[in-house]
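Colleague: Could you walk me through this model at an easy pace? I am new to this, so please explain the terms as they come up.

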2 protein chains.
Amino acid sequence: MKTRKPLADQTAVHDQVYEAIRQALITGRIAPGKGVSLRSLAAELGVSPMPVRDAVRRLAAERALAINPANKRLSVPSLTADRLEQLSMARLWVEPELAARAALDADASLVRQLQAIDADVDEALRLGDVDRYMTANHAFHFAIYERAGAEVLEAMAGGLWLQVGPFMRVVFGRVGADGLAADRHAEAIAALKAKDADGARRAIAADLSEGMDKMRAAVEASA
Amino acid sequence: MKTRKPLADQTAVHDQVYEAIRQALITGRIAPGKGVSLRSLAAELGVSPMPVRDAVRRLAAERALAINPANKRLSVPSLTADRLEQLSMARLWVEPELAARAALDADASLVRQLQAIDADVDEALRLGDVDRYMTANHAFHFAIYERAGAEVLEAMAGGLWLQVGPFMRVVFGRVGADGLAADRHAEAIAALKAKDADGARRAIAADLSEGMDKMRAAVEASA
DNA sequence: GCGCGCAAACTGTGATCACAATAATGGGGA
DNA sequence: TCCCCATTATTGTGATCACAGTTTGCGCGC
């Protein structure tokens, strides 16, 4: 039944599973607070429980999944105002810092790349395509952060983004896709073009801040 | 051969393995840059490769172990000045923040607990007992951070501490156990006793800053 | 004596099975 | 009709095996 794959192709199965669950979490396909199980995920993805176990362990270490200490059962962390506040603080420190560092190494090719991605972001917003928006927005931010050349900080940002992901779905559920329409991407691009570290820091901070405010409002309203 | 343990005792095997490897990393028993393998770790710990796999995945997600993307082999991340600088920045943001929050909720029992731990720290320093010092120092800081009641930030601090751990061994190797003799623990305790959030923030920041400076010097000297 | 090449050992990965513990569900009694 | 207890299903965990890729190392030929 199972066609044993050639292997050494590219990515291991557990990485694909990781990415699949990650996407499911970010786009909110798995509702926060809901319990999941290894075998159910494995069946859903058509793989054995083994790679799912690996992926889940990784996600749990990144706090994208919670493990009930009593019965060791898995669940999606529920969205609380307290958690959101902590995640906001952390993001507002790491991500502007990464943007500032990136500004110092920015060049024309990066600017062009960002403009292309931002056009995609706007297109997704115009169409109201939530998944596409979230993917493009993620790509925009991390295209910048990657340029900072700060592996450790970038990984921190990635982990935070993953934890914040589920919150975004709440925003869309409340105010619709145009709830996040206003962003500071243009400002950020301009600052990077001018190699203005402080400007990039401020632009990203403002972008994040506005987004987190909307999430906070949504969480409070849904409580 | 293997006596199947009663199970439901307390902790799962993979958690014990995780803790064992974690300690080995922090105390520097596994040299940075060195490669490790699942089976060798399993044999050394007297368990099957299975729980080791779980523990290693977790450590890799926390960036306490590195996975070579080409051949998927495991190794201990090597200590570079760049990594240390990023870790320092991150710690200097998270940990003082946690200390400040903890100060708001501090009480007499916490102060007493911290005084006891700090006495142990001093004792370990006096004896030149490196392992005991590192354990006690860790206990001191996280007894404070735990009081902040900020789960997300505390987890971030834990991850950073784990990544910094191997660097500390370098300090001891260079300047001896009294290289870190001067700490700001007394200041921190005083600030917590007075519920002085800013004082606690400053004390912890100074404590970290001094320690990281010594590590930086040690890394540069050993390069 | 020095390389080259092939075989053996070792690596991570995935599947399958066994086991104990918890959760879910059913029926039978009051 | 409702509640309690026993049976069943499902859960995470760990062991063992199979497999393919990589590294290691040893012996043979030059």
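Modeller: We can look at the domains of one chain and then at the DNA. This is a predicted model, in which local features need pLDDT of at least 70 and side-chain atom pairs count only at pLDDT 80 or more, while totals for chains, interfaces and linings use all residues. Residues are numbered from 1 along each chain as its sequence is written, chains are lettered from A and ligands numbered from 1 in the order in which they are written, and side-chain values use heavy atoms, with hydrogens and water left out.

Colleague: Into which domains is chain A divided?

Modeller: Chain A has domain 1, covering 13–75, and domain 2, covering 81–222, with bounds that come from an automatic or database domain assignment. Eleven residues from domain 1 of chain A and nine residues from domain 2 of chain A take part in the contact, where contact means heavy atoms within 4.5 Å.

Colleague: And what area is buried between domain 1 and domain 2 of chain A?

Modeller: It is about 900 Å², of which carbon and sulfur atoms give 61%; buried area here is the accessible area (1.4 Å probe) that two parts lose on being put together, summed over both. R22(A), I26(A) and T27(A) supply 52% of the area that domain 1 of chain A buries against domain 2 of chain A, more than any other three residues.

Colleague: How many salt bridges cross that interface?

Modeller: The rule finds zero salt bridges between domain 1 and domain 2 of chain A, a salt bridge being a side-chain nitrogen of Lys or Arg within 4 Å of a carboxyl oxygen of Asp or Glu.

Colleague: Switching to the DNA, how many residues surround strand D?

Modeller: DNA strand D is surrounded by 20 residues, and the closest are L38(A), R39(A), V13(B), H14(B) and S48(B); a residue is near a strand if one of its heavy atoms lies within 4 Å of it. Of the atoms of DNA strand D within 4 Å of the protein, 62% belong to sugar or phosphate and the rest to bases.

Colleague: Which side chain has an N or O atom 3.0 Å from a base nitrogen of DNA strand D?

Modeller: That is the side chain of R53(A).

Colleague: What about the phosphate oxygens?

Modeller: In chain B, a polar side-chain atom of H14(B) lies 3.4 Å from a phosphate oxygen of DNA strand D, and an N or O atom in the side chain of N71(B) is 3.3 Å from a phosphate oxygen of that strand.

Notes:
Polar contact = N/O pair within 3.5 Å; in protein donor to acceptor, adjacent residues only side chain to side chain.
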